[in-house]
Amino acid sequence: MIDRLKVYWAARSEREQALLAIMFALLFAVILWFGVIAPLRNARVEAKDRLDRATVVSGRVSARADTLRRAIRTAPPSLGTSLKVAVETAATQAGFAPSRLDPQGDDRVDVVISSAKSQALFPWLATLAQRGIFVEKSAIRPNSDASLSFEATLRLRRP
């Protein structure tokens, strides 16, 4: 095979050999560019983008972790009433009618809201969290009328 290439090369004039050498050099450059350099450059740019996104997410997670650490260190605000009454009052103020509200001791209550809009439910839960009442476990299911069914055990944070 190499002998055939040597014979082919020797049969070419100097001008043809020069043109073929230039062609092979350009072909090598194109293969190098599109086969090695461009994919590596694209991979580097994508890796930088992923790193930037991960850095932003890491910052958000750190900020939320700091918020949680501060919340744990501070004493929860006093409800001034039982947990059941506080949750029932907050639900009524938010426009919910709990279909079930069962106390489970002094620091837990099971609540079922059969129809709630998500635009009102999640801010209500955030308001409860600010008062020291957290969702311990929950189940949220969509209803046929674009509302949600919400079942949860709410827990009062103790100092």
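**Why these names? Questions on a predicted model**

Me: Why is Asp 107 called partly exposed?
Reply: Asp 107 has 22% relative accessibility. Buried means under 20% relative accessible area and exposed means over 50%, with partly exposed in between (1.4 Å probe, protein chains only). Because 22% falls between those two limits, Asp 107 counts as partly exposed.

Me: Before we go on, what kind of model is this?
Reply: It is a predicted model, in which local features need pLDDT of at least 70 and side-chain atom pairs count only at pLDDT 80 or more, while totals for chains, interfaces and linings use all residues. Residues are numbered from 1 along each chain as its sequence is written, and side-chain values use heavy atoms, with hydrogens and water left out.

Me: What makes the link between Arg 108 and Asp 107 a salt bridge?
Reply: A salt bridge needs a side-chain nitrogen of Lys or Arg within 4 Å of a carboxyl oxygen of Asp or Glu. In this pair the closest N and O atoms are 3.5 Å apart, so the rule is met. Arg 108 is itself partly exposed, at 28%. The two residues also belong to a network of salt bridges with Glu 136 and Arg 155, and the structure holds eight salt bridges.

Me: How do you know that Asp 102 and Arg 100 form a salt bridge too?
Reply: Their side chains meet at 2.9 Å, N to O, so they satisfy the 4 Å limit. Both residues count as partly exposed: Asp 102 at 30% and Arg 100 at 39%.

Me: What does the salt bridge of Glu 151 and Arg 141 tie together?
Reply: These side chains meet at 3.4 Å, N to O. Glu 151 lies in strand 4 and Arg 141 in strand 3, so the pair ties together parts that are 10 residues apart in sequence. Glu 151 has a relative accessible area of 34% and Arg 141 has 42%, so each is called partly exposed.

Me: How do you know that strand 1 and strand 2 pair?
Reply: Strands are DSSP runs (E, at least two residues), as helices are (H or I, at least four), and they are numbered from the N terminus. Two strands pair if DSSP finds at least two bridges between them. Strand 1 (residues 100-103) and strand 2 (residues 108-116) have four bridges, in the antiparallel sense, so they pass the test. For example, Asp 102 has Asp 110 as its bridge partner, and Leu 101 stands opposite Val 111.

Me: How many bridges join strand 2 to strand 4?
Reply: Seven bridges join them, and the two strands run antiparallel. Val 111 stands opposite Ala 152 in strand 4.

Me: Why is Thr 153 called buried?
Reply: Thr 153, found in strand 4, has 7% relative accessibility. That is under 20%, so it counts as buried. Contact means heavy atoms within 4.5 Å, and among the residues that Thr 153 touches are Val 109, Phe 134 and Val 135, not counting residues up to four places away in sequence.

Me: Ala 146 and Ser 147: buried or exposed?
Reply: Ala 146 has 65% relative accessibility, which is over 50%, so it is exposed. Ser 147 has 2%, which is under 20%, so it is buried. Ala 146 lies in the loop between strand 3 and strand 4, and Ser 147 has its place there as well. Phi of Ala 146 is near 70°, a positive value in a residue other than glycine.

Me: What makes the link between Ser 147 and Ser 115 a polar contact?
Reply: A polar contact is a pair of N or O atoms within 3.5 Å; within protein, one must be able to donate a hydrogen and the other to accept it, and residues adjacent in sequence count only if both atoms are side-chain atoms. The side chains of Ser 147 and Ser 115 are joined at 3.3 Å, so the distance fits the limit.

Me: Why is Leu 40 called exposed?
Reply: Leu 40 sits in helix 2 (residues 14-73). Its relative accessible area is 57%, which is over 50%, so the word is exposed.
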